[in-house]
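Let's explore this structure together, one question at a time. Have a look at it first, and then we can talk it through.

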Amino acid sequence: NGQEPYSIAMVLHEAGLPPSDARILATDIDPVVVSTARRGRSPEHMTSGLLDEHRSRFRDASEAGQFCISADLRQFIQFNTLNLLDPWPMQKKFDAIFCRNVVIYFDKQTQSDLWQRYGSILHPNGWLFLGHSERIDAAAENLFEKSGITTYTRRGDPTTRKET
């Protein structure tokens, strides 16, 4: 329903990044979910986890019982439908992928295929964030380095890695 991408947009906005420097592609297989998220309106109770400061700073004019996301945040995000099993239309590489609590619903082979696909669209040293019950498999360890319990970084190409 948009909570995750809007939360990420809040962090980017607070870091001072303009939407021209940081873009979020938010996807779901369900077009109704995508349409709801794109509108940027949530029932008030769904924003209870936000700090009061964020609730006031990132809110546009209220509708009865609705929290309306500010235009400042909406500029960061493009919402699209996407089936992870179909061909992906993305042409550019990503700095980070948040795919939390999705891969657990697929069989082991499909999961393995998805780890490879994520690796192929992440920049070297890009981040992959998974849900708390998800872990990459052994076949993807050549692509990713564990950075936390459910956080991985895309291994860089050792032939192009710059020394610092």
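**A helix and its surroundings**

What covers the buried residues of α1 includes β1 (24-28), α2 (31-39), α3, α4 (71-74) and β4 (77-81). Here contact means heavy atoms within 4.5 Å, and buried means under 20% relative accessible area, exposed over 50%, and partly exposed in between (1.4 Å probe, protein chains only). Helices (H or I, at least four residues) and strands (E, at least two) are DSSP runs, numbered from the N terminus. This is a predicted model, in which local features need pLDDT of at least 70, side-chain atom pairs count only at pLDDT 80 or more, and totals for chains, interfaces and linings use all residues. Residues are numbered from 1 along each chain as its sequence is written, and side-chain values use heavy atoms, with hydrogens and water left out.

Q: How far apart are the end C-alpha atoms of helix α1?
A: Helix α1 covers residues 3-14, which is 12 residues. The expected span is 1.5 Å times one less than the number of residues, so α1 should span 16 Å. The computed distance agrees with this: 17 Å.

Q: Within what arc do the buried residues of α1 fall, seen down its axis?
A: The buried residues are Pro5, Tyr6, Ala9, Met10 and Leu12. The arc is that of the directions from the helix axis to the C-beta atoms. These residues line one face of the helix, because they fall within an arc of 165 degrees.

Q: Which residues are exposed on the other side of α1?
A: Let's turn to the other side of this helix. The exposed residues there are Glu4 and Val11.

Q: Which residues does leucine 50 touch, not counting residues up to four places away in sequence?
A: Leucine 50 lies in the loop between β2 (41-43) and α3 (52-57). With those sequence neighbours left out, leucine 50 touches Met10, Arg55 and Phe67.

Q: Which strands are the edge strands of the open sheet?
A: Four strands form this sheet in the order β5-β6-β8-β7, with mixed pairing; two strands pair if DSSP finds at least two bridges between them. An edge strand pairs on one side only, and here those are β5 and β7 (144-146).

Q: In which sense do β5 and β6 pair, parallel or antiparallel?
A: Strands of a sheet can pair either way, through backbone hydrogen bonds. Strand β5 spans residues 94-99 and β6 spans residues 122-130, with five bridges between them. Phenylalanine 94 stands opposite leucine 122 in β6. The sense of this pairing is parallel.
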